[in-house]
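Reader: I am new to this structure. Please take me closely through one part of it, with each term explained as you go.

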Amino acid sequence: MDQPIPYLDLAAQMRPLRKEIDAVIAKTLDNCTFCLGPDVAQFEQDFAQYCGAQHAVGFNSGTSALHVALLLLNLGPGDEVITTPYTFIATSWAISYVGAKPVYVDIEDLTFNLDPKLVEQAITPRTKAILPVHLYGQACDMDPLLEICRKHKLALVEDAAQSHGAKYRGKVVGTFGVTSEFSFYPGKNLGAYGEGGALVTNDAALAARARSLREHGSTQRYHHDEVGYNYRMEGLQGAVLGVKLKHLDQWSQARRRVAQRYHELLANTPLQLPREADYAESVYALYVVRHPRRDDLKKHLDAHKIGCALHYPVPLHLQKCYASLGYQPGDFPVSEKAARECLSLPIYPELTNSQIEHVAAVIRDFFKA
Ligand SMILES: *Cc1c(COP(=O)(O)O)cnc(C)c1O
């Protein structure tokens, strides 16, 4: 008799917060502050402080924040941005939205993150920026990337959509680049009750322009300085995120406990387990194991009602939408192998020890058969 274990359990997180959430939502409704407003302004302050940054700008999604991040660099057709092919598609959307070209560089097998050793050979006179991702909650190796940016006068933008509070050499991610972008999609480590995102920066002028771009290119109503967007964060999301931010560090510690327990219980299986690089303290947005028989293992887990997922089954250079970039299978072998082998196990702060033990037992059972 199997206890079903969902891949994600948002209800388990909401339950203990429900009273507090209901109260802030009621207040926002009473005030009718639906678009931006005081709840968003307060959350922006709190989130900037959390990231050790001067400014955070609230958006209606992480994708919008990334789009604006590339607009702030004044990129356009003819410009190239070096990035990873092994991420969620939105990382590359931002580059495409401004008319620039994504130039992919393969990842490291150990961390799934952009391999700094391969970056320099991809630089051309058209390269303007590097857009790495802190994937699955683990910071990528920032020092060598920052050194390359200094040497070649490139901008660095961090896609931190999966890594709220993740640390690189003891410092939380978000202020290594000129800007960094976070997602508050419900399933992320810090999730809204709807869509949300933020752009974080220490540069006051960039923050001001980001605020203008998210609101129709205006700082004064009905006066538009440049072509802008409607990318505002909703007041209700700001209110919810303000409540949840206070719990984030405790949730990250709980995620690390789940990961540690998986490490112990799965150590003697043929799986390749996620490992932390010596410079990183991961917040384990995902717990991604690897095996060549991934598809069979997934069927086995499905049959035992254990939720699992693939992040990501098709690397970006092989996506139909990017066929015109001209990449071929084999161009990024490490990413392609990761795409064939990856399997994301359930991981969330509320996952109990007995649930973790059950997942591990079902996996060990697969390899015994
Ligand atoms: C989720 C995510 C995004 C996009 O964020 P949304 O809020 O869903 O628009 C961008 N990059 C990465 C790596 C993500 O995981």
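Author: What follows is a close look at the contact between helix 4 and helix 5, and at the sheet beside them. This is a predicted model: local features need pLDDT of at least 70, side-chain atom pairs count only at pLDDT 80 or more, and totals for chains, interfaces and linings use all residues. Residues are numbered from 1 along each chain as its sequence is written, and side-chain values use heavy atoms, with hydrogens and water left out.

Start with the two helices. Helix 4 covers residues 62-72 and helix 5 covers residues 90-97. Helices here are DSSP runs of H or I with at least four residues, strands are E runs of at least two, and both are numbered from the N terminus. The axes of helix 4 and helix 5 are 8 Å apart, at an angle of about 40°. Axes are lines fitted to C-alpha atoms, for helices over the stretch in contact, and angles run from 0 to 180 degrees between N-to-C directions. Helix 4 and helix 5 are therefore oblique to each other. Angles under 35 degrees count as roughly parallel, over 145 as roughly antiparallel, 65 to 115 as roughly perpendicular, and the rest as oblique.

Now the residues. Helix 4 brings Thr63, Leu66, His67 and Leu70 to the contact. Helix 5 brings Ala90, Thr91, Trp93, Ala94, Ile95 and Tyr97. Contact means heavy atoms within 4.5 Å. Seven of these residues are nonpolar, three are polar and none is charged. Ala, Val, Leu, Ile, Met, Phe, Trp, Tyr, Cys and Pro count as nonpolar, Asp, Glu, Lys and Arg as charged, and the others, Gly among them, as polar.

Next, the sheet. It is open, has seven strands and follows the order 1-9-8-5-4-2-3, with mixed pairing. Two strands pair if DSSP finds at least two bridges between them. Strand 1 and strand 3 are the edge strands, each pairing on one side only. Neighbouring strands are turned by 25° against each other on average, direction ignored.

Both helices meet this sheet. Helix 4 lies across strands including strand 1, strand 2 and strand 8, and runs at about 165° to strand 8. Helix 5 touches strand 2, strand 3, strand 4 and strand 5. The direction of helix 5 makes about 140° with that of strand 3.

Finally, strand 2. Strand 2 runs parallel to strand 3, and four bridges join them. Val81 stands opposite Pro102 in strand 3. Glu80 and Ile82 point one way from strand 2, Val81 and Thr83 the other way, and all are buried. Buried means under 20% relative accessible area, exposed over 50%, and partly exposed in between, with a 1.4 Å probe and protein chains only.
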